[in-house]
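Colleague: Could you walk me through how to read a model like this one?
Modeller: Sure, let's look at it together.

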Amino acid sequence: MARLIRSGWIAGLALFLVLLLVATKLIQPNFGSSGLESLSRAALPFAFATAAQAVVVIAGGIDLSIASMMAVASVTAAVLMDGASDGQAVFVVVFVLLLGAAMGTINGALIVFTRVPDIVVTLAMLFVWEGVALLILKAPGGAAATWLKGLIVGSVSIPGLPTSVTGWIPKSLLLLVVCVAVIWVPLSRSKLGLSMYAIGSDSLAAFRSGVAVGRTKILAYATAGVFAAMGGLVLTMSTGIGEPIPGPYLLASVAAVVLGGVVLGGGRGGLLGPIIAVIILRLVRMDLTLLSVDPNVTTIIEGTIMVVVVMLGGLLAVRKGR
Amino acid sequence: MEQTQTPSIAVRIGRIAQTYPVLPLIILLVALVAALEVMRPGIVNERWIANTIKFAIPLAMMAACQTLTMLTGGIDLSAGVVATVSAFVMATQVSILGPTGAILIALLPAILIGLVNGFGVGICRVHPLIMTLGTGLIATGCLQVYQRTVIATGSSVPDALAWLGTGRTAGLPNSLLLFLPFAALILWGLRRTGFGRLLYALGDNENASRLSGVRAWQVYMALYALSGLIAGITGLLYVGLIKAPSLSLAAPLMLPSVAAAVIGGTSIFGGRGSYSGTIVGALILTVLTTMLTLLQMPEGARRILFGAIILAVTAVSARLSEHG
């Protein structure tokens with residue numbers, strides 16, 4: 001029953017996304033494959049931030065340092081790739097992903113060993129990672145390898161399929177699906193994934209059933225760190241430079257997680273819902289821009305939507321608690 | 001038996017520290033000042049002390065927002081933006097409404113943002129961190145839109161605020177005129193009034209206080225509105241000190257204000273803390289900042305250090321309260 005409601009929620013979100021796309025087409029009659037491509041590219045860093053947040057929230061935590069970790073990954077990649085050859089860039093990508101895992105592990109380990117609540121530790125780490133990013137690169141700069149930039153620009157071309165079909169699939173969307181699937185699908189089916197849901201649902205019960213609570217939590221944060229590193233990488237890939245001041249990814253990730261059906265507090269939800277939700281949030285922004293609303297007003301509307309979503313999520317949680 | 005009658009020195013020090021929690025902080029402050037004097041002999045003089053107090057006052061006032069909200073287990077991350085909004089609105093309205101009108105109108109958005117925070121935290125039960133972060137983002141957007149409507153107006157800081165922010169009388173900064181009554185009011189409010197007691201009660205055990213008839217949502221509404229008001233006043237004082245209203249005016253106060261409250265012994269989990277500790281915490285951070293500037297430490301390293309301080313102090317106090 002609960003499963004049915006959840007898949008119903010995701011189906012509803014997907015339907016809403018389709019309706020929004022239709023509305024976009026009505027606002028801007030020549031909205032087509034290129035519009036879809038730019039939407040997908042703009043949503044990419046947000047989607048990775050959301051995936052990172054979702055993993056941690058499922059495991060019963062919350063990570064406020066995601067945007068700062070993305071900044072660290074972004075500047076590291078940009079600095080290391082400055083003047084590096086294409087071959088070296090591969091190592092840079094691997095290194096940045098490992099760095100993400102390391103940052104996440106540090107977050108998780110600090111939470112487990114200091115026994116300070118997640119929200120406080122990751123608030124402190126938000127400042128620490130922000131400082132690290134500033135130490136690596138004081139002002140926006142660096143570079144990104146050309147082939148990496150090419151990975152997210154344009155649409156896929158699959159031999160054997162006509163371009164009229166493949167032209168509708170942006171490369172950035174494919175990259176997102178592949179990256180998230182490679183990590184999340186095996187993880188959610190493994191014992192570790194089950195343990196993450198278990199500690200998020202009831203950490204004491206999980207402990208009594210023999211789940212290594214501390215280790216699972218650290219691994220959940222490490223996974224989030226890897227997703228955040230991917231987010232930082234695509235940020236550098238899409239702008240071509242590293243940006244030490246983190247963007248508004250934190251609030252967006254929390255709002256998308258709530259909107260995507262992951263309960264703050266843990267134990268329920270998946271990654272599909274939040275990612276659809278974050279694309280919806282980006283599409284709303286794009287529609288407002290197409291309606292030629294002042295970009296600053298767009299920020300206000302977007303912020304209001306996110307706050308209202310979080311408030312409704314809170315109200316629902318209160319209802320459920322009674 | 002005899003051992004209990006003559007407690008060891010360590011236990012005695014522990015007891016003294018428990019009765020006067022501000023004492024170790026003051027010792028730390030004095031030690032820092034002494035270290036500074038050793039690093040750069042002659043730096044500590046009357047002028048330096050007045051300057052340090054002048055810069056510590058806006059920080060201590062913004063840290064009041066954090067102290068009050070932290071007592072209930074919350075935090076106010078919108079305080080920096082709120083202070084900026086107030087300062088900017090005031091500076092751009094002076095030429096239209098005159099100083100008094102501008103100051104009054106500038107405090108309205110501050111209280112409004114606070115009320116929205118209180119609504120989200122008290123009624124929708126959103127975590128204060130997320131709620132205040134969100135309202136801060138919205139307020140930043142509003143400020144940018146507002147800035148474009150007043151671009152032609154220009155901005156100015158009224159003489160009275162500049163006098164209050166930067167001036168000195170008989171060697172002491174004028175901002176003490178605002179701060180001393182303010183601090184006295186907060187200290188008295190927390191110790192002697194029902195509202196102050198309610199903050200401690202909610203932070204200590206929210207369920208228990210609800211069951212004993214506290215209308216939690218009303219307290220949260222009042223608390224966050226008050227926090228917004230304090231942040232607004234801080235912004236007005238701070239713009240008198242900096243004299244150049246910008247869209248990122250009070251942003252540098254945000255992180256240190258959380259750190260000041262945490263160093264001052266206010267528990268981020270709620271129920272424990274005092275404003276006197278926060279004031280000393282703000283002084284410690286101001287001296288520490290002078291020190292870091294002397295050491296030419298980059299901005300990044302400073303943020304790392306502040307983050308680490310918050311984490312370390314919280315972890316230690318969590319351990320201590322577990323055993324105590």
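What follows goes from the fold of one chain to a helix and then to the chain contact.

Modeller: This is a predicted model, where local features need pLDDT of at least 70, side-chain atom pairs count only at pLDDT 80 or more, and totals for chains, interfaces and linings use all residues. Residues are numbered from 1 along each chain as its sequence is written, with chains lettered from A and ligands numbered from 1 in the order in which they are written.

Colleague: What does the radius of gyration say about chain B?
Modeller: It's taken over C-alpha atoms, and the globule rule is 2.2 Å times the number of residues to the power 0.38. For 324 residues that puts a compact globule near 20 Å, and chain B agrees, because it has 21 Å.

Colleague: Which residues of H9 in chain A are buried?
Modeller: Buried means 20 or more other C-beta atoms, placed from the backbone, within 10 Å of a residue's own. In H9 (residues 191-201; helices are DSSP runs of H or I, at least four residues, numbered from the N terminus) these are A:Gly193, A:Ser195, A:Met196, A:Ala198, A:Ile199 and A:Gly200. Their cover includes H2, H8, H10 and H11 of chain A.

Colleague: How many residues does each chain put into the contact?
Modeller: Contact means C-beta atoms, placed from the backbone, within 7 Å. Chain B brings 32 residues and chain A 36. On the chain B side, H6 and H14 each supply at least two residues, and H14(B) gives the most, 13.

How values were computed
Buried ≥ 20, exposed ≤ 12 C-beta atoms within 10 Å, placed from the backbone. Contact = placed C-beta atoms within 7 Å.
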